[in-house]
Amino acid sequence: MMYAPVEFSEVDYPRVKYQRRQQFWNPIRLALFTLAIVAIIGIAIGIVTHFVVKDDKSFYYFASFKITNIKYKEKYGIRNSREFTERSHQIERMISRIFQHSSGKGRFIKSHVTKLSPDKNGVNVLMVLMFRYPSTDSAERIKKKVEMILYQSLKTKQLPLTINKPSFTLTSIDSKKMRNLLNSRCGIRMTSSNMLLPASSSTERIVQGRETAMEGEWPWQASLQLIGSGHQCGASLISNTWLLTAAHCFRKNKDPRQWIATFGTTITPPAMKRSVEKIILHEKYHKETNENDIALVQLTTQIKFSNVVQRVCLPDSSIKLPPKTSVFVTGFGSVIDDGPIQNKLRQARVETISTDVCNRTDVYDGLITPGMLCAGFMDGKVDACKGDSGGPLVYDNHDIWYLVGIVSWGQSCGLPKKPGVYTRVTQYRDWIASKTGI
Ligand code: ARG
C-alpha cells in the first residue's frame with residue numbers, strides 16, 4: 001500500500017509551522033532547557049572528577065608512643081643493627097595491620113620507625129605515617145580519623161605490642177619535614193614528587209635482562225670517572241662523604257685528584273658531581289685471585305641528600321641471604337661483553353647462588369672464597385658486565401635497601417654456569433667501620 005502525501009493549501013502550510021515553532025521556543029522553555037543542559041554537564045564533570053581524576057594527596061604524620069611490654073636493648077640505638085631492624089619491622093607490620101583492617105582501608109600507605117629510645121616502662125617509638133586522602137580533606141580531620149582507628153584497635157584488637165594510649169601523640173607534618181625525618185635513615189627510595197617508592201616498582205618492569213632505571217630508584221648509585229677518560233666503575237653512597245666500590249677499579253690509577261664521582265640516573269648530565277679526597281684500598285686486595293676486592297672513596301665535600309641522591313644501608317655482618325634470594329644489580333656498564341658504556345643507568349634482577357654451587361667444577365671450580373658472593377642465573381642471560389664493577393648489588397628488606405655485594409668479576413657476561421661474582425659486603429663490615437666509623 002502507498003501513502004498519499006497530505007496536501008496543504010498554500011495559505012495553511014506556512015502559518016501552522018510558524019505557530020508551532022513560536023510555541024515551542026518561548027523564552028521560559030529556552031531558559032529551562034539551557035539550565036537543564038548546564039546541570040547535566042555539571043553533574044557529568046562532577047562524576048568524572050570524582051571517579052577518574054581522584055585527586056588524592058599524601059598526608060604525613062609523626063607519631064610518638066610508648067610500648068610497655070618490651071625492654072629496651074642497647075642495640076636499638078644502632079640503626080643498622082639487626083635488633084633495631086627487626087623491632088622496627090614488627091612495629092611497622094603491626095601499624096599496617098591496624099590500618100589495613102579498618103574503615104580507612106586503602107588510605108594507609110606505609111609507616112617507618114625513625115627512632116627507638118629507652119623509657120623507664122619500656123621503649124619510646126618515633127615513627128612517620130603516610131596516608132593518601134582526597135586533596136580536599138584537611139590534615140586535622142584526617143588526624144582525627146587516624147586517631148580513632150588507632151584507639152579503636154587498642155581497645156578491641158589483640159596486638160603483640162602494648163601501646164600505652166596516653167603516651168600516643170600524632171602531629172601533622174609536611175613533606176619536607178617527612179623527608180628530613182626519613183633522611184636520617186638509609187636505603188629509602190622516593191620519587192621526585194616526594195612519594196615513597198614502593199619496592200615492587202622495580203620487579204614489575206623486569207622482563208629479561210636489564211631495564212633502564214627510573215629517577216630516584218637507585219639513589220645510592222655513583223659513577224667513578226677518571227678525568228679525561230670518563231666512566232670507569234660504579235660505586236655506592238654509604239654516608240654523606242663515603243662511597244664503597246671495588247679495589248680493582250684503581251689498578252690503573254689510584255691518585256684521588258684524577259678521579260670524580262657523579263650521581264643520578266645519567267652520566268651526562270649528572271644530578272650531582274664531587275671531587276675525590278681519598279681512596280682506601282683493602283690492604284689484602286689480591287689481583288690474581290680477586291680476593292678482598294673492596295675500596296673506600298672519600299669525597300672532598302659532603303653530599304646533601306635529596307630524592308635522587310641518597311645513601312644505601314650496610315647490612316649487619318650477621319645477615320645471611322639464603323640461595324635464590326632476589327637481589328638487584330645496577331650500573332652504567334655494557335649490555336654485551338665488550339660493548340660500550342651506557343649513559344643511562346640500568347638494573348637487573350638476579351638471584352643469589354650458594355658458594356657450594358658456585359664452586360662446582362662446572363661453574364667456578366673452587367675460585368669462590370668466603371669474601372665473595374655469586375648472583376645471577378645458572379642459565380646465564382641476566383648479569384652485570386664490563387663497567388658495572390664497583391657498583392651495588394642490593395637487597396630489599398621491607399622497603400629498606402641493603403648493600404650486599406660489590407660487582408667484582410665474572411667470566412665474560414651472562415654465560416650459562418658463569419654467574420656474576422660480587423664482594424660479600426657482610427664479610428667486610430668491620431673493615432668498613434674501622435676506616436670510616438660507619
Ligand atoms: N670486572 C668487570 C668490570 O671491570 C665487571 C665484571 C662483572 N662481570 C660479570 N660477568 N658479572 O667492570
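Here a biologist quizzes a modeller about a predicted model.

Biologist: Let's start with Asn-292. What makes Asn-292 count as buried?

Modeller: The cut-off for buried is 20 or more other C-beta atoms within 10 Å. Asn-292 has 21 C-beta neighbours inside 10 Å, so it counts as buried.

Biologist: And where does Asn-292 lie?

Modeller: Asn-292 lies in the loop between strand 10 and strand 11 (295-299). Its phi is positive, about 55°, although it is not a glycine.

Biologist: Which residues is Asn-292 in contact with, leaving aside its neighbours within four places in sequence?

Modeller: Ala-247, His-282, Lys-284, Tyr-285, His-286 and Gly-371. Gly-371 is 79 residues away along the chain, yet the two C-alpha atoms are separated by 6.5 Å.

Biologist: Lys-381 has a positive phi too, about 75°, and is not a glycine either. Why is Lys-381 called partly exposed?

Modeller: A residue is exposed at 12 or fewer C-beta neighbours and buried at 20 or more, with partly exposed in between. Lys-381 has 13 other C-beta atoms within 10 Å, so partly exposed is the label. You'll find Lys-381 in the loop between strand 14 (372-376) and strand 15 (392-397).

Biologist: What about the peptide bond from Thr-268 to Pro-269, cis or trans?

Modeller: That one is cis, with omega near -5°. Pro-269 sits in the loop between strand 9 (259-263) and strand 10 (272-281).

Biologist: On to the sheet of 4 strands. What is the strand order, and how do the strands pair?

Modeller: The sheet is open, the order is 2-3-1-4, and the pairing is antiparallel.

Biologist: Why do strand 2 (108-119) and strand 4 (163-173) stand at the edges?

Modeller: Each has a single partner strand, so one side of each is left without a neighbour in the sheet. As for twist, the average is 20° from one strand to the next.

Biologist: How do you know that strand 1 (residues 56-67) and strand 3 (residues 122-134) pair?

Modeller: Pairing takes at least two bridges. Strand 1 and strand 3 are joined by 12 bridges, and they run antiparallel. Within strand 3, Leu-126 stands opposite Ser-64.

Biologist: Which helices lie across these strands?

Modeller: Helix 4 (residues 139-156) lies across strand 1, strand 3 and strand 4, at about 160° to strand 4. Helix 5 (residues 175-183) lies across strand 1, strand 2, strand 3 and strand 4, running at about 50° to strand 1.

Biologist: Now the largest nonpolar core. How many residues does it have, and which have the most contacts inside it?

Modeller: It has 69 residues, and Leu-243, Ala-295, Val-312, Val-394, Leu-403 and Val-404 have the most contacts inside it. Strand 16 (residues 400-409) gives this core its largest share, 7 residues. Another core, of 24 residues, lies apart from it, with Tyr-61, Phe-99, Leu-150 and Ile-163 among them.

Biologist: Last one, the ligand. How many residues surround the ligand, and which are the closest?

Modeller: There are 13 around the ligand, the closest being Ala-384, Ser-389, Gly-410, Cys-413 and Gly-420. The shell divides into 5 nonpolar, 5 polar and 3 charged residues.

How values were computed. Residues numbered from 1 in each chain as written. Predicted model: local features only at pLDDT ≥ 70, side-chain atom pairs only at ≥ 80, totals over all residues. Near = placed C-beta within 6 Å. Nonpolar A, V, L, I, M, F, W, Y, C, P; charged D, E, K, R; others polar. Core = buried A, V, L, I, M, F, W, Y, C linked by C-beta atoms within 7 Å. Helix = DSSP H or I, 4+ residues; strand = E, 2+ residues; numbered from the N terminus. Contact = placed C-beta atoms within 7 Å. Axes fitted to C-alpha atoms, helices over the stretch in contact; angles between N-to-C directions.
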